[in-house]
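Below are some notes for a colleague who is meeting this structure for the first time. They are best read with the model open alongside.

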Amino acid sequence: MTSSRTQVGIVGAGPAGLMLGQLLHLQGIDSVILENRSRHHVVERVRAGVLEQGTVDLMREVGVGGRLAREGLRHDGIHLAFNGARHRIDMAELTGGRAITIYGQNEVVHDLVEARLETGRPLHFEVEGVSVHDLESRAPHIRFQREGTSHELICDVIAGCDGFHGICRPSIPASRLRLYERVYPFGWLGILAEAAPSSDELVYSLHDRGFALYSMRSPQVTRLYLQCAPDEDVAQWSDERIWAELRTRLATADGWRPNEGPIFQKGVTGMRSFVAEPMRFGRLFLAGDAAHIVPPTGAKGLNLAMADVYRLSGALAEFYGSGRERLLDCYSGRALARTWRAQRFSWWMTSMLHRSGGDNPFDDRRQLAELEYLVSSRAALTSLAESYTGAPLEA
Ligand code: FAD
Ligand code: DHB
């Protein structure tokens, strides 16, 4: 077994791990990023698309905002559709100018991988058998295999950025974690289609047949989602069936409907709310999906991951700059405060916009009452806009 040292060992090259590596690099802090999938898999994985202003600013500040500035689509508002009518919410006007930017998570990851490679600092794909050890000591270490050789990486700190199914969170003794979880009785069928967006802004729609979301990736590509069963079989969804369902759920009485075109990607995502507390065990710090999952309706998952590593990098800068651990000690509490705000919002958006399949018509009618109230109240719309566009990263 070969043995080496680094300051921060980062498990996972998703948005959280890659952004942390870049933030540390800019502060002169060494890191090694270990990823068990291939570079192609990590960069091509289709996921989220909505960036809060704080995430956009962070990308620019760490030097990876060039393509995002050119190709990202700034949206000042969103639409809510129900009862056959669309209602525009002018988020920028309600929040004093805050907006969101549409830019695929795979593009974010692509830009961060390129930036990492330029730094020359280690980023290893396709490592196997990753495990973390001696987490409560001052020299925690990571073991893994790479190209047939076993390695041991001794660290000051390990950042668990390995997503919901990673190994870092399960390496914490169960007695030292409290888990909160809600699994929803539905999922999303998501597609990408070669079709010019017929709306300039996103449309979140509640229909009797369930939720639908109209989004986009570029002036040529639309991204659409349909509420479906959590274990829906994509093979049962022909392109024609998908478009028919989208037309039914999205078309509004003003004549608006989605543009259609060839579908080139389909996938089903289950939906859950999940939080692990605390986000720290000894010298292991969890960030992003490794610590928490939100249902995607509020578009918060990627943005929360960015907020976590921004906070963690600040704490590590203090640690290496002065030897003090004050911010490291605050990390979990502060990150969890933001996490729970996003949990509340994501749960609320999800409950308001999905049919839960219950058999009490009261619930369906109350859901409409909630939407009717929302679009008629500036106070309620301001609350939505404030949460949707996101608080500054420090908050
Ligand atoms: P991840 O992106 O999961 O990255 C973790 C990385 O760690 C991965 O590259 C993984 O391969 C790697 N890894 C795992 N185990 C190991 C190991 N043992 N060793 C080394 N590396 C490991 N959010 C939205 O806002 N809107 C959406 O539409 C949306 N859709 C989603 C669809 C899917 C299928 C999923 C899973 C998530 C979706 N999300 C969405 C959530 C959003 O994509 C995540 O919140 C975001 O990816 C979190 O980033 P992360 O870096 O914390 O985790
Ligand atoms: C997208 C994803 C979301 O979860 C969301 O709430 C809005 C848009 C998207 O992939 O474009």
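1. In the shell around ligand 1, the largest share comes from α8, which gives 3 residues. This is a predicted model, and the points that follow should be read with that in mind. Of the 30 residues around ligand 1, those that come nearest are Glu-35, Arg-45, Arg-47, Gln-105 and Asp-289. By class, this shell divides into 14 nonpolar, 9 polar and 7 charged residues.

2. Several polar atoms of the protein can be followed individually around ligand 1. A polar side-chain atom of Arg-47, which is also listed among the nearest residues, lies 2.9 Å from an oxygen atom of ligand 1. The backbone takes part as well: a polar backbone atom of Asn-36 is 3.3 Å from a nitrogen atom of the ligand, and a polar backbone atom of Gly-301 is 3.4 Å from an oxygen atom of ligand 1. Taken alone, ligand 1 exposes 990 Å², and the protein buries 85% of that area. The elements that give two or more residues to the shell around ligand 1 are α1, covering residues 15-26, and α8, covering residues 301-322.

3. Val-43 has its place in helix α2, which spans residues 39-44. Is this residue buried or exposed? Val-43 has a relative accessibility of 12%, and because buried means under 20%, Val-43 counts as buried. Leaving aside its neighbours within four places in sequence, Val-43 is in contact with Asn-106, Val-109, His-110 and Val-113. By contrast with these contacts, Val-43 and His-25 are 18 residues apart in sequence and lie 21 Å apart in space, taken from C-alpha to C-alpha.

4. Turning to the other ligand, 15 residues surround ligand 2, and the closest of them are Tyr-204, Ser-215, Arg-217, Tyr-225 and Pro-296. By class, the residues of this shell divide into 9 nonpolar, 3 polar and 3 charged. An N or O atom in the side chain of Tyr-225 is 2.6 Å from an oxygen atom of ligand 2, while a polar backbone atom of Pro-296 is 2.7 Å from an oxygen atom of that ligand. A polar backbone atom of Thr-297 is 3.3 Å from an oxygen atom of ligand 2. Taken alone, ligand 2 exposes 290 Å², of which the protein buries 97%.

5. Which elements give two or more residues to the shell around ligand 2? They are β16, covering residues 210-218, and β17, covering residues 221-228. Of the elements that contribute, β16 gives the most, with 3 residues.

6. A search of the whole structure finds 12 aromatic pairs. Tyr-180 and Trp-340 form one that is edge-to-face, with 5.3 Å from centre to centre and 90° between the planes. This pair links distant parts of the chain, since Tyr-180 is in strand β14 (residues 178-194) and Trp-340 is in helix α9 (residues 326-353), 160 residues apart. Both residues count as partly exposed, Tyr-180 at 27% relative accessibility and Trp-340 at 34%.

7. The rings of Tyr-204 and Phe-211 have their centres 6.2 Å apart and their planes at 40°, so this pair is tilted. Tyr-204 counts as buried at 1% relative accessibility, and Phe-211 counts as buried at 0%. Ring pairs link both residues into a cluster with Trp-188, Tyr-225, Phe-345, Trp-348 and Tyr-388. Two members of this cluster, Tyr-204 and Tyr-225, are also listed among the closest residues around ligand 2.

8. Finally, Ser-273 is found in strand β18, which covers residues 263-277. At 10% relative accessibility, Ser-273 counts as buried. The side chain of Ser-273 makes a polar contact with the side chain of Tyr-184, at 2.6 Å. Not counting residues up to four places away in sequence, Ser-273 touches Tyr-180, Glu-181, Arg-182, Tyr-184, Ile-293, Pro-295 and Gln-343. Tyr-180, one of these, is the residue that pairs edge-to-face with Trp-340.

Definitions and conventions. Residues are numbered from 1 along each chain as its sequence is written. Chains are lettered from A and ligands numbered from 1 in the order in which they are written. This is a predicted model: local features need pLDDT of at least 70, side-chain atom pairs count only at pLDDT 80 or more; totals for chains, interfaces and linings use all residues. Side-chain values use heavy atoms; hydrogens and water are left out. A residue is near a molecule or strand if one of its heavy atoms lies within 4 Å of it. A polar contact is a pair of N or O atoms within 3.5 Å; within protein, one must be able to donate a hydrogen and the other to accept it, and residues adjacent in sequence count only if both atoms are side-chain atoms. Accessible areas come from the Shrake-Rupley method with a 1.4 Å probe; for residues, only the protein chains shown count as cover. Helices (H or I, at least four residues) and strands (E, at least two) are DSSP runs, numbered from the N terminus. Ala, Val, Leu, Ile, Met, Phe, Trp, Tyr, Cys and Pro count as nonpolar, Asp, Glu, Lys and Arg as charged, and the others, Gly among them, as polar. Buried means under 20% relative accessible area, exposed over 50%, partly exposed in between (1.4 Å probe, protein chains only). Contact means heavy atoms within 4.5 Å. Rings of Phe, Tyr and Trp (its six-membered ring) pair if their centres lie within 6.5 Å; planes under 30 degrees apart count as stacked, over 60 as edge-to-face and the rest as tilted.
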